[in-house]
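Thank you all for coming. I would like to take a few minutes to walk through one structure, so please have a look at it on the screen before I begin.

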Amino acid sequence: MGRIVQFCTFEVGADLFGILVDEAKEVIRLDEVTPVPLAPDHVRGLVNLRGRILTVIDLERRLAVAGGPSAGGLASAQHGLVLDVETGGLCLAVDRVGDVVEVDDDAFEAPPETMPEALRTMLLGAYKIGTERLLLVLDTERVIAPTPAA
Amino acid sequence: MADAHDDDVLAGMDDMDDVVRDFVAECLEQLEEFDRELVDLERNPDDREALASAFRVLHNIKGTAGILGFTALEAVAHAGEGLLARLRDGLLPPRPEVTTAVLRSGDAVRVLLERIGADLSEGDPKENATLVMEVERLAASTTAPGDGDAASAGPGLVEPPTGETATPPAGLPPVPADAAFSVDLGAPGPLATAPTDASVRVDVAHLDELVESTGELVLVRNRIVEAAVAHVDDPVLSNLIQRLSAIVSGLQDRVLATRMQPIESLMSRLPRVVRDLAVACGKTVRLEIVGRETELDRSILERIRDPLTHIVRNAVDHGIELPSIRIAAGKDPEGSLRIRAFHDAGQVVIEIADDGAGMDVDAIRRTAVERGFVDAEEAASLEDQELVNLTFLPGFSTTTEVTRVSGRGVGMDVVSESLQRLGGTIDVASHRGRGTTIRLRIPLTLAILPSLIVETVGVRFALAHASVREIVSLGESGDTGSDEVSLTILRGTPVLRLRGRVLPLVHLADELGIAGLEVDEARAPTAADGLPEGVSSKTDSWRGKLGAELEDGETILEGDGETGVEGGDESIVVVQTGGRSFGLVVDRVIDTQEIVVQPLGAVIAEIPVYVGATVLGDGRVALILDVPRLARRARIGAAIGAASPSGVVASEAQHEDAVGERGPAVGEIAPDRLAVLICQSPDDGRTAVPVRIIKRLEELPRSTLERAGGRFVIQHRGRVIPVIPVADILPERRKKLRHPELERAFLADEAIQVVICAWGDQRVGLVVHRVLDIVEASIEERSPPSRDGVLFNVVIAERVTEVLDFERILAMSGLEGVGPPISG
């Protein structure tokens, strides 16, 4: 039995993701997002959280995950997962927010080789949940790292 | 006061530490003043006030150091003070080595103070023994012979003229205990009468928190005000909200003011830096600082200290020549360095101008090729300004050898980067043999920004009020509703004519690539997510509409209610950046708001069009547009070569007008119409230059004007171009002056307006008083010329206008045969 780790889980497209519980601050609804012209494709825009401005990262675009409800059209992810990031407010746009999941650290494994490259580089690793489901652990630093504007 | 402080001192070690730290902080501040006074003194030996002030600084430090038991500090301050006393009493001339000795004492005092501030200890008490001896020897040995006091530079010497007590022997107690906390013992001064309780030292972190909280308070206030609109009929509530609003505004102003500091604190070290460096290089440099009182947020002040110092060091080290070289070049052997700080368009501008040799563009060209920034062919084709801009590229430095003083591997590229990190910009204008002017533009990003809120395709943006000059509404049908304002096509591009000026237009939606984003306002956020590809351009649609009109030969939209522009109710915000204006086309102007600028997150901070974001009164987020960078992006007002790094604007001298770079267009106008540039003469006459011979319009600093072979020439894009003052060839009818334009510009150091004309391969500059407009005039009704140099007269805009006969003008200026005409 290894250490028990808690993850805050959420879904983007068909995949289940998680970030460490300590990284997530709160969940908000993304109602009024101000678009940022000329920004990288995965930047959804800016939202106001009690006077603080957060940059919303569209995870679906960032991770190039296909098959979600918003695939092929306008982004529709309406839930924002606010990250506790020192460098400025950030928020991940996700399709559904799930429960906090406890996993055994021993169950940690590398991201499956079969994953698309774009997605795999954004992951720290994965945990098997039950028999069939994988919890993909997001490398938040990679996700929020600035990329050259498209 | 004295008792209180004694109590503090006795109250315990913690209190004692605070006393010492306060003492150190205060003394360090005074030392900056001290350095400046000393450098002033060297320049004006008779400046008794500077002398007295420097004397007081050391005197105070000495006194308090004695009380607190810092003997080494006391000894150094005492020695320096002794030397100053000799200077003050005229017993010692203020020669450089004397000043250096005093400054060294000041440095030693600073080192000791910093050490005390860090760990409350002075370190080795004998460390400065040599310095003290040297200073005392200097004070004693150079005393005028026959002076009765010659043997001693020590204390108790002479009665000072200012009425201060003479230096008391160390350890004696005539200095009252509270002297440590007031700046002055007796002489009048602003601080002398200000007891300690008039100001309090506050941790900067507290101020930052205050500013942040106040910003949030303002936002909440704004939302309350909006929410209360529904309850206007409640007098109690309205009243309360009005009160709240007023108090919050006042609070905001005052809180922000606490963090503002005059730029003085940044400049105070510079005289010393310049002086030491000049002495080390064997140069003499006169430093002039204007605008010390200009205020800037302290967090920004701290961050421009190093770049500014670097630029100043560069100017002295590399810019200003040795006196012998300056004399040989016919210059004043003393170099001049001018630093000017001022507010402009919501930004602080700091200008550093030297009259040295200017940048060596050939060296830059060589280095650029060596380091592989450009290839040889490209380098040869680069203009001087483009070469100067190359020095901002990371890793570029023309000094192959790291010089002792300012090399250190830190070049202009690093300066430029630190400025950009602040959201500022740097411009360099360099003229070989005449010096370099560097202009830093620094935003007040942390301040509250009065802003204009505009909207385009459903997205709101804020524009700093300071950069907005006026708003032109096109109305329902695109009609500007005024004779003074109209839209027209110039060389295929829509432009705005505003009271005789021609301004380029920029469609915000086009510039941001969101023109196709026509969506319902409420749904904008979601829809904006996928910015459609291949969107139609607003500029194109305008060009189509206006172009069609133009073929009919009419000015577009002028009082013509039928001529609609797509999305007809657009507004044009006339904005200004640097010395240039342009019209920013938006869908509508919402209102004016005071906004709190918040920085952008790292993911989008690199986008070069925004200075930050803000929460509007209704709780929505709006991006704040960076007007200078928007202009640069739209290529307005600057000639930037492809090699120029982003974020660097060309100098204003290179600014082009709306017609710039498009070259002469021949034969596009029907024979009975002529496109002309209308110029105003000094006595308000009108002259016109055919547009087809015009290459560029330039506003050039006077310094580009040179005399060569009995005429004026300018250097322009690597060529020497003769210039002809039109007012000289076609003299004023009311007053006659010789070279009125150029001589006046020469004397007044004004900018000159030059119309660069092409004559075959040759270029000739026409110096005009003022450029008014570019129009296509009907020349059917022309009348014969009334004097030589004029092709014909024609009535344009109800004024008799003389159309210049360029070929004749060349001949009259003795320039005939410089080249064949392009076309008959």
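Let me start with a question: at roughly what angle do the axes of helix α5 of chain B and helix α10 of chain B cross? What we are looking at is a predicted model, and in this model the axes of α5(B), residues 96-119, and α10(B), residues 270-281, cross at roughly 130° and come within 12 Å. That angle makes α5(B) oblique to α10(B), and the crossing of the two is left-handed. On the α5(B) side the contact is made by Pro96(B), Thr99(B), Thr100(B), Leu103(B) and Asp107(B), while α10(B) contributes Arg272(B), Arg275(B) and Asp276(B). Sorted by class, this contact of α5(B) with α10(B) has 4 charged, 2 polar and 2 nonpolar residues.

Staying with helix α5 of chain B, I would point you to Arg110(B), which lies in this helix. Is Arg110(B) buried or exposed? Its relative accessible area is 12%, and because the cut-off for buried is under 20%, Arg110(B) counts as buried. If we set aside residues up to four places away in sequence, Arg110(B) touches Leu28(B), Leu31(B), Glu32(B) and Asp35(B).

That brings me to helix α2 of chain B, residues 13-43, where we find Leu38(B). Leu38(B) is buried as well, with a relative accessibility of 1%. Which residues is Leu38(B) in contact with, once its neighbours within four places in sequence are left aside? They are Ala54(B), Leu84(B), Thr99(B), Val102(B) and Leu103(B). For Val102(B) I can also give a distance: Leu38(B) and Val102(B) are 64 residues apart along the chain, and their C-alpha atoms are separated by 8.1 Å.

Next, I would like to turn to a second pair of helices. The axes of α3(B), residues 48-68, and α4(B), residues 71-88, come within 8 Å and cross at roughly 155°, which makes α3(B) roughly antiparallel to α4(B). This crossing, too, is left-handed. From α3(B) the contact involves Arg48(B), Leu51(B), Ala54(B), Phe55(B), Leu58(B), His59(B), Ile61(B), Lys62(B), Ala65(B) and Gly66(B), and from α4(B) it involves Leu73(B), Glu74(B), Ala77(B), His78(B), Gly80(B), Glu81(B), Leu84(B), Ala85(B), Leu87(B) and Arg88(B). By class, the contact of α3(B) with α4(B) has 11 nonpolar, 4 polar and 5 charged residues. You may recognise two of these names, since Ala54(B) and Leu84(B) are among the residues in contact with Leu38(B).

Further along chain B there is helix α13, residues 361-370, in which Val361(B), Ala363(B), Ile364(B), Thr367(B) and Ala368(B) are buried. Why do these buried residues line one face of the helix? Seen down the axis of α13(B), they fall within an arc of 155°, so they line one face. As general background, an α-helix has 3.6 residues a turn, so residues three or four places apart point the same way. On the other side of α13(B), Arg366(B) and Glu370(B) are exposed, whereas the buried residues pack against α15 of chain B, residues 384-390. After α13(B) comes Gly372(B), whose phi is positive, near 75°.

The last local feature I want to show is Asp805(B), which sits in the loop between β29 (799-804) and α23 (806-812) of chain B. Asp805(B) counts as buried, at 17% relative accessibility. Not counting residues up to four places away in sequence, Asp805(B) touches Gly789(B), Val790(B) and Leu791(B). From Asp805(B) to Phe792(B), 13 residues apart in sequence, the C-alpha to C-alpha distance is 8.2 Å.

Finally, a word on each chain as a whole. Chain B has 23 helices and 29 strands, and 50% of its 824 residues count as buried. Of the contacts in chain B with a separation of 6 or more, 68% are accounted for by residues 24 or more positions apart. Chain A has 150 residues, of which 50% count as buried, and the corresponding share of contacts between residues 24 or more positions apart, again among those with a separation of 6 or more, is 56%. How many helices and strands are there in chain A? There are 3 helices and 11 strands, and along the sequence they follow the pattern β-β-β-β-β-α-β-β-β-β-α-β-β-α.

How values were computed: Residues are numbered from 1 along each chain as its sequence is written. Chains are lettered from A and ligands numbered from 1 in the order in which they are written. This is a predicted model: local features need pLDDT of at least 70, side-chain atom pairs count only at pLDDT 80 or more; totals for chains, interfaces and linings use all residues. Side-chain values use heavy atoms; hydrogens and water are left out. Axes are lines fitted to C-alpha atoms, for helices over the stretch in contact, and angles run from 0 to 180 degrees between N-to-C directions. Helices (H or I, at least four residues) and strands (E, at least two) are DSSP runs, numbered from the N terminus. Angles under 35 degrees count as roughly parallel, over 145 as roughly antiparallel, 65 to 115 as roughly perpendicular and the rest as oblique. A crossing is left-handed if the near helix is turned anticlockwise from the far one by less than a right angle, and right-handed if clockwise. Contact means heavy atoms within 4.5 Å. Ala, Val, Leu, Ile, Met, Phe, Trp, Tyr, Cys and Pro count as nonpolar, Asp, Glu, Lys and Arg as charged, and the others, Gly among them, as polar. Buried means under 20% relative accessible area, exposed over 50%, partly exposed in between (1.4 Å probe, protein chains only). The arc is that of the directions from the helix axis to the C-beta atoms.
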